[in-house]
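User: I should like to learn how to read a protein model feature by feature. Could we begin with how the exposure of a residue is described?

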Amino acid sequence: MADAGPSGEGAVEPAVDRTVHPSGIVPKLQNVVATVNLGCKLDLKEIALHARNAEYNPKRFAAVVMRIREPKTTALIFASGKMVCTGAKSEEDSRMAARKYAKIVQKLGFQATFKEFKIQNIVGSCDVKFPIRLEGLSFSMSMFCNYEPEIFPGLIYRMKEPKVVLLIFVSGKVVLTGAKLREEIYKAFENIYPVLQDFRKGDAHAP
C-alpha cells in the first residue's frame, strides 16, 4: 500500500491524473514571473509618494518596488511603463496581480493600459521521496549536467526538450525553472523521473 496517504482527517487529496503525471507526482508551482507593458511613461517618484506598499531608491535600483497581499506578489515598475510581476503561485494569480498593479497606477493619474502580458518564467518543485546518486547521474549524463558540490550542493541539469533547467538534490528534492508553460514543468519532470529512479541510492545494506 505504497500509495496510501496519512490517515488523518481533513481535505482529501484530489486524485492525480496519471495520463499527465505517470509518476504520480505533481510538481507544485512556486513562482510565476510575468511582464506587462502599461503603455505610458511613468513618474516613479510620484508613484512612490502616493502609493501604499511602494518603495523607490533610484540609487540602488531604477524601479519602484510595489507589493500587494492578494495574490501575494511583488511588482517592479519602470519609468518606461514596463512592469515585472513576481511571486504568484499560478498563471491566473499572476495575471490578476498584474491587473491590480495596473489599476493602482491608473488611480494615481497615469494613462496606464494593460498590454503584452507575458509569462517569462515558471518555477516548480517536488520531492521524489528517495535519495539520488548525483555523482553517478552527473557522470552518466555529463553533456546535460553540471555538478560541483563544493560550489553548489545541487546538480544542474539542462534539459533540451522542453527547455527547462532542473536543480536536483541528493535528498530527492527537485526544482524546475525556465518554463513558459506549466505543461513544460510537468513534462520535464516526467522526462527526468525514470532517470532519477535509475540513480536511486541503494538500500542501507548496499555498499
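Analyst: A residue is called buried under 20% relative accessible area, exposed over 50%, and partly exposed in between, with a 1.4 Å probe and protein chains only. Phe61 is partly exposed, with a relative accessible area of 38%. Phe78, at 23%, is also partly exposed. Please note that this is a predicted model, in which local features need pLDDT of at least 70, side-chain atom pairs count only at pLDDT 80 or more, and totals for chains, interfaces and linings use all residues. Residues are numbered from 1 along each chain as its sequence is written, and side-chain values use heavy atoms, leaving out hydrogens and water.

User: How are aromatic pairs read, and how many does a search of the whole structure find?

Analyst: A pair of aromatic rings is described by the distance of the centres and the angle of the planes. Rings of Phe, Tyr and Trp (its six-membered ring) pair if their centres lie within 6.5 Å; planes under 30 degrees apart are stacked, over 60 edge-to-face, and the rest tilted. The search of the whole structure finds six aromatic pairs. In one of them, the ring centres of Phe61 and Phe78 are 5.9 Å apart and the planes stand at 75°, so this pair is edge-to-face. Phe61 belongs to the loop between β2 and β3, and Phe78 to strand β4, so the pair ties together parts that are 17 residues apart in sequence. Helices (H or I, at least four residues) and strands (E, at least two) are DSSP runs, numbered from the N terminus.

User: What is the geometry of the pair formed by Phe189 and Tyr193?

Analyst: That pair is tilted, with 5.6 Å from centre to centre and 45° between the planes. Phe189 and Tyr193 are four residues apart in helix α4 (residues 182-198), which means that about one helical turn separates them. Both Phe189 and Tyr193 are buried, and together with Phe130 they form one aromatic cluster.

User: How does one read a sheet, and in what order do the strands of this one lie?

Analyst: Two strands pair if DSSP finds at least two bridges between them. Here, 10 strands form an open sheet in the order β2-β3-β4-β5-β1-β6-β10-β9-β8-β7, with antiparallel pairing. β2 and β7 (145-146) stand at the edges, each with a single partner strand, so one side of each has no neighbour in the sheet.

User: Which strands are joined to β3?

Analyst: Strand β2 (residues 54-55) is joined to β3 by two bridges and runs antiparallel to it; Ala54 has Met66 as its bridge partner in β3. Strand β4 (residues 73-78) pairs with β3 over six bridges, also in the antiparallel sense, and Ile68 has Thr73 as its bridge partner in β4. β3 and β4 form a hairpin with four residues between them. Five of the six residues of β3 are buried, so the strand is largely enclosed by the rest of the structure.

User: How is empty space found, and what lines the second largest pocket?

Analyst: Rolling a probe the size of a water molecule over the atoms shows where empty space is left. On a 1 Å grid over the protein atoms alone, a cavity is a set of points where a 1.4 Å probe fits but cannot get out, whereas a pocket is an open set with protein on both sides within 12 Å along at least five of seven lines; lining residues have an atom within 4 Å of a point. Among the residues lining the second largest pocket are His50, Arg67, Ile68 and Lys100. The largest share of this lining, four residues, comes from α2.
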